[in-house]
Amino acid sequence: MVDALLALVATLGALVATGLLISRANKDRLLYLIAWSFTQVGLSLSLLCMTVGFLAGFNGVLFRVAELGAALIGPIWLALGMIELIARYVQVRFAGWLFAISYTVVATVILVLDPLKGDLSKKLPKPGSTYDALPLLLIDGAHVVAVLALAACTGVTAWLASKRDQEAAELLIPVALVALAGVLVVSGTRGFLPAPLAVIALGGAAGLVWYGAIRTIPVYEDEEGYEGYEGGDEYGDGYRDEPATGYEEQGYAGARHEPVSAPTPPAQDPRRGELRFPDPVPAAPVDDFRFRENPAGPTAVDGVGGVGGAAGVPGIGGGLVPEQARPAGAPKGGLGRLADACGQITVYTLLDGREDAFDRLATDLVKAALAAEPDTVIFACHEVVGAPTQRIFYQLFRDEAAFASHRQQPHLQRFLAESRTHVLATNVIELRLGPAKVPLPAPEFPGR
């Protein structure tokens with residue numbers, strides 16, 4: 001009865017963790033969450049069969065389902081999710097999916113059809129006393145592959161974190177938790193532990209998988225703030241429930257995920273999908289420009305701020321500015337100094353065939369930055385002539401505070417999470433502004 005009670009408690013906990021993880025995977029559509037959802041389903045089914053077996057006695061069906069869920073599907077798909085999360089090369093992730101699916105199908109057929117031996121009772125059956133040699137060999141193979149994959153991913157993550165890789169540092173604790181869950185799964189299904197300890201190991205593994213998965217993505221208090229931001233397309237859920245697995249290829253450091261106020265949704269643009277600067281506000285006539293004190297005009301960054309800025313956004317930018325462009329009530333000397341400006345250049349090398357999907361994400365990101373980041377001076381994505389799989393982001397911020405605020409934006413987290421599957425490699429260059437020509441309102445380029 002004690003075994004049945006422990007199994008019932010572990011089953012309820014595993015079912016709750018499974019439901020939460022499946023719900024999050026359904027929202028974020030991240031492949032590693034989907035793989036770990038299979039693990040959670042397998043563990044939950046195994047614990048449920050154990051509960052029934054302890055109460056009414058085990059039979060062939062209960063034993064087979066318990067072994068399939070915890071001894072086969074659990075470790076294999078746990079390792080697959082880890083590879084999907086950690087591997088930075090699409091070839092490695094593809095090989096992981098190919099192996100996991102093929103091995104699961106073949107082993108499932110054999111474990112279901114192979115005859116059992118021995119008598120079953122209310123005691124937890126041991127695989128070595130119930131299965132023949134071939135099913136045991138397949139289960140052993142699944143455990144060896146899972147343990148090696150989990151250990152390798154944990155070791156690589158720790159090594160990269162020691163090299164000050166920001167993404168690896170942020171993922172180190174979740175990866176360690178999931179690796180520990182894999183150890184518990186293997187230990188609880190080998191038949192070496194007493195029934196109570198085996199049940200506790202599987203229930204603890206289900207909890208660790210859920211907690212480790214949640215630690216890989218930010219959670220915002222205001223998860224409904226961005227609903228409907230870009231309604232009517234494949235990203236119609238807007239900028240809510242922003243997922244991230246760290247600052248993958250962007251190179252941002254020290255970001256904290258905090259709730260932010262929702263931007264005012266802009267009007268639907270029929271040219272959606274084009275990469276361009278936002279529409280500029282009307283500029284003053286050139287004939288009316290009268291510059292004060294500095295003959296270099298509005299293109300010199302000399303510590304005197306201005307109110308004109310990039311893409312016609314008031315309140316940002318730098319250099320000397322025409323008197324007519326000064327807003328009412330602005331203090332003498334101008335606003336928006338650029339003396340402390342900083343920036344970043346990010347060069348993306350995309351996977352073949354992923355250009356359009358990446359461009360859609362980039363366009364959404366630029367629109368959101370326009371709506372929610374008044375201190376971002378320039379935020380542009382460039383195509384590279386002669387290199388169709390390359391994109392270059394150029395970003396200029398008025399100061400370090402604006403840069404830090406940008407790193408906390410939920411639309412940036414969404415872009416980081418969804419774009420990583422389209423990116424082969426990334427190079428990041430951080431900048432501090434020197435002498436510069438302040439950009440005038442950017443022209444439109446129809447068809448781009």
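This passage describes a four-stranded sheet, a pair of packed helices and two loop residues in a predicted model.

Residues are numbered from 1 along each chain as its sequence is written, and side-chain values use heavy atoms, with hydrogens and water left out. Because the model is predicted, local features need pLDDT of at least 70 and side-chain atom pairs count only at pLDDT 80 or more, whereas totals for chains, interfaces and linings use all residues.

Helices (H or I, at least four residues) and strands (E, at least two) are DSSP runs, numbered from the N terminus. Two strands are said to pair if DSSP finds at least two bridges between them. On these terms, an open sheet of four strands is present, with the order 2-3-1-4 and antiparallel pairing. Strand 2 (376-384) and strand 4 are the edge strands, each pairing on one side only. From one strand to the next the twist averages 15°.

Strand 1 (residues 342-350) pairs with strand 3 (residues 387-397) in the antiparallel sense over eight bridges, and here V347 stands opposite I392 in strand 3. Strand 1 is also joined to strand 4 (residues 423-432) by nine bridges, and these two strands run antiparallel. In this pairing T346 stands opposite V428 in strand 4. Seven of the nine residues of strand 1 are buried, which leaves this strand mostly covered; buried means under 20% relative accessible area, exposed over 50%, and partly exposed in between (1.4 Å probe, protein chains only). Strand 2 and strand 3 pair in the antiparallel sense over eight bridges, with I378 opposite L396 in strand 3. Helix 10 (residues 400-407) lies across strand 1, strand 2, strand 3 and strand 4, and runs at about 130° to strand 3.

Two packed helices are described by the angle between their axes and the distance between the axes. Axes are lines fitted to C-alpha atoms, for helices over the stretch in contact, and angles run from 0 to 180 degrees between N-to-C directions. Helix 2 (residues 31-56) and helix 8 (residues 195-215) pack at an angle of about 155°, with their axes 10 Å apart. Helix 2 is therefore roughly antiparallel to helix 8 (under 35 degrees counts as roughly parallel, over 145 as roughly antiparallel, 65 to 115 as roughly perpendicular and the rest as oblique). The contact (heavy atoms within 4.5 Å) involves residues of helix 2 including W36, L43 and F54, and residues of helix 8 including V199, A205 and W210. By class, this contact has 14 nonpolar, three polar and no charged residues; Ala, Val, Leu, Ile, Met, Phe, Trp, Tyr, Cys and Pro count as nonpolar, Asp, Glu, Lys and Arg as charged, and the others, Gly among them, as polar.

A205 has its place in helix 8 and is buried, with a relative accessible area of 0%. Leaving aside its neighbours within four places in sequence, A205 is in contact with L43, A181, L184 and V185. The C-alpha atoms of A205 and V183 are separated by 8.3 Å, and these residues are 22 residues apart along the chain.

Two loop residues other than glycine have a positive phi. R29, in the loop between helix 1 (2-28) and helix 2, has phi near 55° and is exposed, with a relative accessible area of 60%. R164 is found in the loop between helix 6 (133-162) and helix 7 (166-189). Phi of R164 is near 65°, and R164 is exposed, with a relative accessible area of 80%.
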